[in-house]
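Please look at the structure below. The questions that follow ask why certain terms are applied to it.

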Amino acid sequence: MTPRCKLAILALAVVAQAAVGRAPTALSLSAAQRQAAGITIGRAIRIELPVRTAAFGLALDPRPAQADYNAWRAAATSRAAAAAEVARLRKLYAGGAGASLKSLQAAGAALARSAAEADAARARFSFAWAPIAALPAARRRRLIDAAVAGTVMLVRADLTGHLALGDPPRTALVDVDGLEVRGRVLGLMRTAGGAQSVGLLVELTGAPPGFAAGARVPVALLGAPRSGRFVPRAAVLYGDEGAFVYREVPGRAPTAAAGFEAVKVRLLMAHAGGWIVDGIGAGDEVVTHGAGVLWSLQGLGGQSAADDDD
């Protein structure tokens with residue numbers, strides 16, 4: 001008997017079951033019918049993986065960061081010196097030791113100018129390099145020096161199509177000619193990228209030789225781990241109420257045919273040719289191959305999640 005004939009007989013059996021009032025999600029098949037339809041079952045494995053988000057990376061030139069930081073430090077030093085001069089002249093003027101009111105007022109004006117310049121320099125650095133500015137002073141200085149020396153790379157990772165982001169990821173994988181180099185996400189940048197996107201600053205230690213400023217590379221951002229059960233991509237179907245899989249319902253009698261029922265699941269993330277889903281129990285046996293046949297036999301039709309690239 002040809003496979004087409006077997007499937008036709010199987011379809012007639014399903015129609016007969018529906019005619020006697022069986023629910024469309026409770027489909028009973030004998031072992032022979034399951035074999036004819038090419039249906040296989042298996043237990044979904046529990047797995048925990050970090051959320052992986054694709055981004056586009058740009059290796060940054062660290063010299064602007066160094067220039068902005070040095071300007072901030074120089075302005076802060078000038079402000080401190082001007083404040084010390086005002087304090088000295090005020091003490092002399094109060095004690096009648098030769099300091100005039102005019103010189104005290106001139107020193108106060110110089111302090112105001114120095115303070116304005118220091119505030120502007122700090123704001124310029126903090127806006128352009130917010131993740132670095134948020135670091136402790138010693139760590140900030142070491143990072144900038146290492147970036148200028150070339151022992152650390154600064155990479156901006158942009159999430160195209162996103163203008164807002166919840167909790168930023170902690171780790172990034174920078175793809176350099178197929179090598180995934182692990183980096184630390186320092187924080188969110190305060191300027192949007194060229195494609196109107198959220199940007200994150202990544203600190204990359206031990207980059208391969210030749211990887212230099214201006215290089216554009218793929219980046220994978222790793223968020224908080226998510227746990228669920230892994231199923232093959234072909235096991236997940238998508239209907240009017242969302243994603244679902246078929247779960248086996250054993251027959252009550254040893255010789256009774258096993259049944260299959262649709263179970264709604266929540267897609268957590270795509271992984272290794274399949275999906276990590278939520279909604280399947282530890283002891284559930286799900287249809288890993290042939291789920292589309294069951295769906296078509298029930299007359300539901302629609303789209304399989306295996307067709308989704310996302």
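## Terms and reasons

In this predicted model, T171 stands opposite L222 in strand β8.

Q: How do you know that β5 and β8 pair, and in which sense?
A: Two strands pair if at least two bridges are found between them. β5 and β8, the latter covering residues 216-232, have 4 bridges, so they count as paired. The sense is antiparallel.

Q: Which other strand pairs with β5, and over how many bridges?
A: Strand β6 (residues 179-188) pairs with β5 in the antiparallel sense, over 6 bridges. The bridge partner of L173 in β6 is R182.

Q: What lies between β5 and β6?
A: The two strands form a hairpin with 2 residues between them. D177, in the turn, has a positive phi of about 55°.

Q: What makes β5 a mostly covered strand?
A: A residue is buried when its relative accessible area is under 20%. In β5 (residues 171-176), 5 of the 6 residues are buried.

Q: Why is A164 called exposed?
A: The cut-off for exposed is over 50% relative accessible area. A164 has 59%, so A164 is exposed. A164 is found in the loop between β4 and β5. A164 and G199 are 35 residues apart in sequence, with 9.7 Å between their C-alpha atoms in space.

Q: Why are α3 and α6 called oblique to each other?
A: The two helices pack at an angle of about 140°. Roughly antiparallel needs an angle over 145 degrees, and roughly perpendicular covers 65 to 115. The angle of about 140° fits neither range, so the term is oblique. The axes are 10 Å apart, and the crossing is left-handed.

Q: Which residues of α3 and α6 meet?
A: On the α3 side, A65, Q66, Y69, N70, W72 and R73 take part. On the α6 side, they meet A137, R140, R141, I144 and V148.

Q: How do you know that F125 is in contact with residues of both these helices?
A: Contact requires heavy atoms within 4.5 Å. Leaving aside neighbours within four places in sequence, the contacts of F125 include A65, Y69 and W72, as well as R140 and I144. A65, Y69 and W72 belong to α3, while R140 and I144 belong to α6.

Q: Which residues touch the most other members of the largest nonpolar core?
A: Of its 21 residues, they are F125, W129, I132, L143, L154 and L201. Elements that give two or more residues to this core include α3 (63-95), α6 (137-149) and β4 (152-159). A second, separate core has 18 residues, among them A59, L200, L204 and L221.

Methods. Residues numbered from 1 in each chain as written. Predicted model: local features only at pLDDT ≥ 70, side-chain atom pairs only at ≥ 80, totals over all residues. Heavy atoms only, no water. Core = buried A, V, L, I, M, F, W, Y, C linked by side-chain atoms within 4.5 Å. Buried < 20%, exposed > 50% of the residue type's maximum accessible area, 1.4 Å probe, protein only. Axes fitted to C-alpha atoms, helices over the stretch in contact; angles between N-to-C directions. Parallel < 35°, antiparallel > 145°, perpendicular 65-115°, else oblique. Left-handed = near helix turned anticlockwise from the far one by under 90°.
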